[in-house]
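Please look through the sequence and the model below, and then work through the questions that follow, taking each answer one step at a time.

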Amino acid sequence: MSPPESRPTTLYQKLSHQNTVKQIDAEHVLLYIDLHILNEYTSPQAFSGIRSAGRSVFCPEAALAIVDHVNPTRDTAVDDMQDKQAAEQIRYLTKNCAEFGIEMFGLGDPRRGIEHVVAPEQGFIQPGMVVACGDSHTTTYGAFGALGFGIGTSDVEHVLCTQTVVYKLLKNMKVEISGKLSAGATSKDLIMAVIAEVGAAGAVGQAIEFGGEAIKNLSMAGRMTLCNMAMECGARAALIAPDQKTLDYLKGRPRSPSQKTFQRASNYWRSLASDAGAEFDRVVMIDASDVPPLVTFGTSPDQSVAIDARIPDPSSARTQKERDSLISALAYMDLTPGTLMTDIRVDHVFIGSCTNSRLEDLRDVARVVNGRRVADGVRALIVPGSQEVKRRAEAEGLAKTFTDAGFEWRHSGCSMCLAMNDDVLPPGARCASSTNRNFEGRQGRGARTHLMSPAMAAAAAINGKLTDIRRLGAVR
Amino acid sequence: MISRPLKPISGVAAPLPGSNIDTDVIMPKQFLKTINRENLANGAFHDLRFDEAGKPRPDFVLNQSGYDQTVILVTGPNFGCGSSREHAVWGLMQLGIRAIIGSGYGGIFFDNAMKNGLLLVTLDEADVAVLLRTISNPATAQIDIDLGAQEIIGRDGFARRFQMNPYQKDLLQSGQDHIDRTLDALGDIKAFQLDRLTQFPWLTFNADAGTAPSL
């Protein structure tokens, strides 16, 4: 199907239109999935469903399975799965992939890691693709101008059987970020600022396209952080038009197009952008130079303030709902209105997750940590996004910087971001975390999460309390 | 998955007015390490329903007298945001929840619910606020939902029509298997795939596998 010629269209409209097999009704299309990524925890029931219905996998070559959510990250534990339920999930994925002919990066594979780190790293994610995965942070792939979105297990089964989803078309939202990032602020702070601006539900039913000077200046890793966390304002898709940086990133990766076809693919990739004059349902403008390092204080990712600010007072909330949310969040977080953020002590620091665990993130952390020590009474973990990131960080000497400073240096995995493995916070713990969700109980029942950039989390580890990176020096 | 035609929904509704109740809260992580869909009722709202010792928390609405037979939840904005875990929907249904009425839902949660025959009704925030007040007393917490007429009847004269996408309504009412319905279009999908891989040959799966250097 080709888009209507007369009207300028958005990148989102082009991509969704391009993969439309057929229109179902005014709101829904049957959308073709170019690549389906599977993990061990949202796929088992889908495979069981296929078996019980006597169906087959329609196109196993278009799927890639990665173990990441439940595996331990300790050196000694990776090959010795004490957690029998987790071991069973991995065993079942292995069996399913073998039986249905699906490629899998299991625990023994040097390419393994967090799915949203590994798939781009290996060159699987390319501009113009539609990618589905049973994980909400599949929006990450928008950094490449690929339409990535999360699906539930029923849809995982649907994609396995049909290579499509029944897809509700989204509205178009533009987030234009002008200006340059100020010292100490990162792409994590940009997306946290966007989430605070539009709210946790502000982009439900929308695809966000990021544009503007600040986006152009972001590295691919920074763009992945941005698109990854767009999920936290409800966006079902996030997109950045491909540019030279995108092409440079893709060149020579194991699953990128070969030299033979790369030029042809590049020509197509360069064409992927919203037309001039394309209409957006909503436009949000942000000046990057106004964005300070941000930290969440509450239990929803939109509850953040500048690191040099104070905990907001619920009585100054604009609506009763907002007031109620703040009161309940502060009660869970055990925080008092008016407290300076930099007076909040932490006992745990976690640096990792599909949002912020790439090599560039770890370099940021190393710049902060270099020559310093993790504060007494603080347990600090660094979990690289992939084994490849781990190897490179070790080769560059970053890992030594971390371990010399007193950080635990782990194998890759989702780990304490959602605490499905044994990296769980104890009740009452307070954690500075480079992750994406500060939900109640997310990192452990009764544990409290403050979201921030990797560098800010590192600074918190050094000082034992939330810390303004701009006052610590060693800022890039 | 195989679903069943949605039967009329009638019963006690419980108020959960908080904003942004996420799927981590609806189904905490410790219940996700399973390879089947069963035994998730205990996990639904687990940390809100039970204290550390496993005793029911009296402050949680579903543990309160009059709400023990709840079949409908009336929720605050953005219910089911966050993680894609379909376990949240399975657990709610196993707990006896058959419908949710709220002003908006997380996108993936909405899709998951519809696939499983958990009816999600969207009303204006003002209407939800009225309903929340009505059901805050268990004596007036009875609600009837008529999917055919797209109507909610509560007590104290509460009656509202609601919007429902016809395709989704038909799937809920017919109980037809989602995959079967799509497999009717398998010919179209195959033709589409062939066109796409011809136009963009580098998308051919593993076309270059083994030829590229390792990282």
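Q: In this predicted model, which residue in β16(A) does A:Phe350 stand opposite?
A: The strand β15 (residues 348–351) of chain A is joined to strand β16 (residues 379–382) of chain A by 4 bridges, and the two run parallel. Within this pairing, the residue of β16(A) that stands opposite A:Phe350 is A:Leu381.

Q: Through which helix does the chain cross from β15(A) to β16(A)?
A: Since β15(A) and β16(A) run parallel, it is useful to follow the path that the chain takes between them. This path is a β-α-β crossover, and it is right-handed. The helix through which the chain passes on its way from β15(A) to β16(A) is α12 (residues 359–369) of chain A.

Q: Which residues point the other way from A:His348 and A:Phe350 in strand β15 of chain A?
A: In a regular strand the side chains alternate between the two faces of the sheet. In β15(A), A:His348 and A:Phe350 point one way, and these residues are buried, as are the ones that point the other way, namely A:Val349 and A:Ile351.

Q: What is the bridge partner of A:His348 in β18(A)?
A: Besides its pairing with β16(A), β15(A) also pairs with strand β18 (residues 430–433) of chain A, in the parallel sense and over 3 bridges. In β18(A), the bridge partner of A:His348 is A:Cys431.

Q: Which strands stand at the edges of the open sheet, and why is one side of each left without a neighbour?
A: The open sheet is formed by 5 strands of chain A with parallel pairing, in the order β17-β16-β15-β18-β19. At one end of this order, β16(A) is joined to β17(A) by 2 bridges, and A:Leu381 stands opposite A:Glu408 in β17(A). Each edge strand has a single partner strand, so one side of it is left without a neighbour in the sheet, and these edge strands are β17 (408–409) and β19 (448–451) of chain A.

Q: Is the pair of A:Phe144 and A:Tyr249 stacked or edge-to-face?
A: A:Phe144 lies in the loop between β6 (130–133) and β7 (147–150) of chain A, whereas A:Tyr249 lies in helix α9 (residues 244–250) of chain A, 105 residues apart. A:Phe144 counts as buried at 0% relative accessibility, and A:Tyr249 is buried with a relative accessible area of 17%. The ring centres are 5.2 Å apart and the planes stand at 70°, so the pair is edge-to-face.

Q: Why does the pair of A:Tyr268 and B:Trp202 count as tilted?
A: A:Tyr268 lies in helix α10 (residues 259–270) of chain A and B:Trp202 in the segment after α8 (186–199) of chain B, so the pair joins two chains. Ring pairs link both residues into a cluster with A:Phe262, A:Trp269 and B:Phe200. Planes under 30 degrees apart count as stacked and those over 60 as edge-to-face, with the rest tilted. The centres of the two rings are 6.0 Å apart, and the pair is tilted because the planes stand at 45°.

Q: Which helix gives the largest share of the lining of the second largest pocket?
A: The second largest pocket has a volume of about 1100 Å³, and of the 44 residues that line it, those closest to its centre include A:Glu27, A:Lys168 and B:Phe110. By class, the lining has 19 nonpolar, 15 polar and 10 charged residues. The largest share, 5 residues, comes from α4(B).

Methods. Residues numbered from 1 in each chain as written. Chains lettered and ligands numbered in written order. Predicted model: local features only at pLDDT ≥ 70, side-chain atom pairs only at ≥ 80, totals over all residues. Heavy atoms only, no water. Buried < 20%, exposed > 50% of the residue type's maximum accessible area, 1.4 Å probe, protein only. Pairing = 2+ DSSP bridges. Right-handed = clockwise from strand over helix to strand, strands pointing away. 1 Å grid on protein atoms, 1.4 Å probe; cavity = no way out; pocket = protein on both sides within 12 Å on 5 of 7 lines; lining within 4 Å. Points joined across faces, edges and corners; volume = space filled by probe spheres on them. Nonpolar A, V, L, I, M, F, W, Y, C, P; charged D, E, K, R; others polar. Phe/Tyr/Trp six-rings, centres within 6.5 Å; stacked < 30°, edge-to-face > 60°.
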